[in-house]
Amino acid sequence: MANQDATTGSITSGKRLYIETYGCQMNEYDSELVRAILKKENYTFVPSEDEADIIMLNTCAIREHAHRKIFGRIHQIHHSRKFVAGCSGLVARATNNERPLIGILGCMATNLRTELLENKSLKIDFIAGPDSYKRLPQLISEAMSSEQQATSNEQRKPFDITLSEFETYSDIFPQPEGGVGAFVSVQRGCNNFCTFCVVPYTRGRERSRAVDNVVEECQRLADSGFQQITLLGQNVNSYRHENNDFADLIEAVSQVKGIRRIRFTSPHPKDFPDKLLDIITNNPKACKHIPLPLQSGNDRVLELMNRTYTRREFLALVDKIRAKCPKMALSTDIIVGFSSETDAEFEDTYKAMEQVEFDSAFIFKYSERKHTIAQRSLKDDVPDAIKTERIVALNELQKDICLTKNSAHIGETHAILIENTKAGKTGDRCVGRTDGHTLVTLAQGTYNVGDWVSAKITAASPNGLKGKAV
Ligand code: SAH
Ligand code: SF4
Ligand code: F3S
């Protein structure tokens, strides 16, 4: 191990970093944390891997597909490394002992530490789990010095995947590049242990940040132009810090000057007291959209998943939400082909989706994950072909529902916050979202990101709406 200290800058000063982010919004937020931590140590972030001395992949472990993508990406980087090293005349930086280093961050780092470290063909230089980002300056510096000492494959790689009961990074305020919306992580980890899910193992126990601390971060973001905040947590509505619950947090953030929309993700259906539903319904800054992950519409499967609610309880919650606020948009997550799910049980999910008519849905095939309860005690016994049939059926159903739901907005006028002015194939489309999170493409006009447009909805498709400024 080297003993250079990153803060002295002796080995790492002026190094260029490139970070690539996979997975959920939590990882997007974490990549901003990593940027904030390393910028303080005088690293420069570059927009392309070709210019980088160090490439970091902030990884996801939620499904096998996510894993395969990362392994493919690592091999691709190695391939281009060889290419660059072979052409060192062309690319002056790439001498033999000055190649880009590869670091693995995020959920795969915790979940696959052994595989990542022991698989020689991967040649990973350092590994940091989601609670270890403050150690990155040290880990990178160690990786750099072992690289300089031109090394054997046996050398120990710097890694830290320790999960913490306390780390919330509350002393670091990321400053994302300009835009309309920013993420703010208010809670880390998860205690729910849904049997299919790897997150409690990759991100550890649930912990929440203080309200004042979250408000301070939101104020800084508002001051730099962000108008929309998305509060993030794996089980965000179980947020609790001292005497404050999630409703109190939304209320506090809504007081922040400059913030005009508040969204959140992902809540769990078990934590929706009336107080919270009332705040979301009545606070004008709280968007009228609740992500409500159903996962399955069958009670036996829900129990196998350890979701802790029944189909009836879920449907009753939907009714209650709509009774309080008829226009509340609802989205969901569904898993098809979970262990031993029969055709009849899948039908229950199909019927529940028909009944609820979610405004949008993410539907996934069950993917068995290492270390989870399901991997240890249940069989992944639904054939892939059946999973495919089920996901296709639900996607078709949901597409029809989306079209019906979206068509109902034709003729209405909505406040649209412009998010992107270079969308579409031609790169000249203006898109924004309604309060309920539906995407709207504006027919004409020149707008800037962050503009508010009052738009009359003129057309609908399963993916969104078209509108005209009024
Ligand atoms: N904390 C969030 C979920 C994070 S993962 C929540 O509870 O809603 C996002 C979605 O991925 C989950 O809602 C679930 O539908 C899906 N998912 C999680 N683990 C999975 C697995 N092993 N296979 C397939 N889908 C999975
Ligand atoms: Fe995973 Fe369940 Fe926690 Fe969501 S609530 S992160 S699905 S264990
Ligand atoms: Fe993936 Fe980790 Fe998010 S597993 S979905 S990056 S919490």
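Okay, let me start in the middle of things: β14 and strand β15, residues 329–336, pair in the parallel sense over 3 bridges. If you want one pair to click on, take Ile290, whose bridge partner in β15 is Leu330. Before I go on, keep in mind that this is a predicted model.

So, what sheet does that pair belong to? It's an open sheet of 3 strands, in the order β14-β15-β16, with parallel pairing. β14 (289–291) and β16 (360–365) stand at the edges with a single partner strand each, so one side of each has no neighbour in the sheet. On average, neighbouring strands here are turned by 10° against each other, direction ignored. And for anyone who wants the general background, strands of a sheet pair through backbone hydrogen bonds, either parallel or antiparallel.

Now, something sits across this sheet. Helix α14 lies across β15 and β16, running at about 175° to β16. Hold on to α14, please, as we'll meet that helix again with the second sheet.

Here's that second sheet. In what order do the 5 strands of the barrel close? The order is β17-β18-β19-β21-β20, and the pairing is mixed. Neighbouring strands of this sheet are turned by 50° against each other on average, again ignoring direction. And α14, residues 384–407, packs on this sheet too, touching β20 (452–461) and β21, with its direction at about 130° to that of β20.

Let's walk through some of the pairings. Strand β19 (residues 439–442) runs parallel to strand β21 (residues 464–469), and 3 bridges join them. Val440 has Leu465 as its bridge partner in β21. On to β20 and β21: these two run antiparallel and are joined by 6 bridges. One to look at is Lys456, whose bridge partner in β21 is Lys468. The connection from β20 to β21 is a hairpin, through 2 residues. Then there's strand β17, residues 413–423, which pairs with β20 in the antiparallel sense over 5 bridges. There, His414 has Ala455 as its bridge partner in β20.

Right, helices. In general, two packed helices are described by the angle between their axes and the distance between the axes. I've got three pairs for you.

Pair one is α7 with α8. The axes of helix α7 (residues 211–223) and α8 come within 9 Å and cross at roughly 35°, and the crossing is right-handed. On the α7 side we have Val211, Val214, Val215 and Cys218, and on the α8 side Leu249, Ala252 and Val253. By class, that contact has 7 nonpolar, no polar and no charged residues.

Pair two keeps α8 and brings in α9. Helix α8 (residues 246–254) and helix α9 (residues 274–282) have axes that come within 8 Å and cross at roughly 20°. That makes α8 roughly parallel to α9. This crossing is left-handed. Phe246, Ala247, Asp248, Ile250 and Glu251 of α8 make the contact with Lys275, Leu276, Ile279 and Ile280 of α9. What's the class breakdown for the contact of α8 with α9? We get 6 nonpolar, no polar and 3 charged residues.

Pair three is helix α11 (residues 311–324) and helix α12 (residues 343–356), packed at an angle of about 10° with their axes 11 Å apart. α11 and α12 are therefore roughly parallel to each other. Arg311, Leu315, Val318 and Arg322 in α11 meet Asp348, Lys351, Ala352, Gln355 and Val356 in α12. Those residues divide into 4 nonpolar, 1 polar and 4 charged.

Two backbone oddities next. Most residues other than glycine have a negative phi, and most peptide bonds are trans. Tyr169 isn't a glycine, yet has a positive phi of about 55°, and Tyr169 is found in the loop between β6 (159–160) and β7 (181–185). The other one is the peptide bond from Thr265 to Ser266, which is cis, with omega near -5°. Ser266 is in the loop between β13 (261–265) and α9, so that's the α9 from pair two.

Last stop, ligand 2. Which residues are around it? Cys190, Asn192, Phe193, Cys194, Phe196, Cys197, Val199, Pro200, Gln234, His268 and Arg307. By class, the shell around ligand 2 has 7 nonpolar, 3 polar and 1 charged residues. Okay, that's me done.

Key: Residues are numbered from 1 along each chain as its sequence is written. Chains are lettered from A and ligands numbered from 1 in the order in which they are written. This is a predicted model: local features need pLDDT of at least 70, side-chain atom pairs count only at pLDDT 80 or more; totals for chains, interfaces and linings use all residues. Side-chain values use heavy atoms; hydrogens and water are left out. Axes are lines fitted to C-alpha atoms, for helices over the stretch in contact, and angles run from 0 to 180 degrees between N-to-C directions. Helices (H or I, at least four residues) and strands (E, at least two) are DSSP runs, numbered from the N terminus. Angles under 35 degrees count as roughly parallel, over 145 as roughly antiparallel, 65 to 115 as roughly perpendicular and the rest as oblique. A crossing is left-handed if the near helix is turned anticlockwise from the far one by less than a right angle, and right-handed if clockwise. Contact means heavy atoms within 4.5 Å. Ala, Val, Leu, Ile, Met, Phe, Trp, Tyr, Cys and Pro count as nonpolar, Asp, Glu, Lys and Arg as charged, and the others, Gly among them, as polar. A residue is near a molecule or strand if one of its heavy atoms lies within 4 Å of it. Two strands pair if DSSP finds at least two bridges between them.
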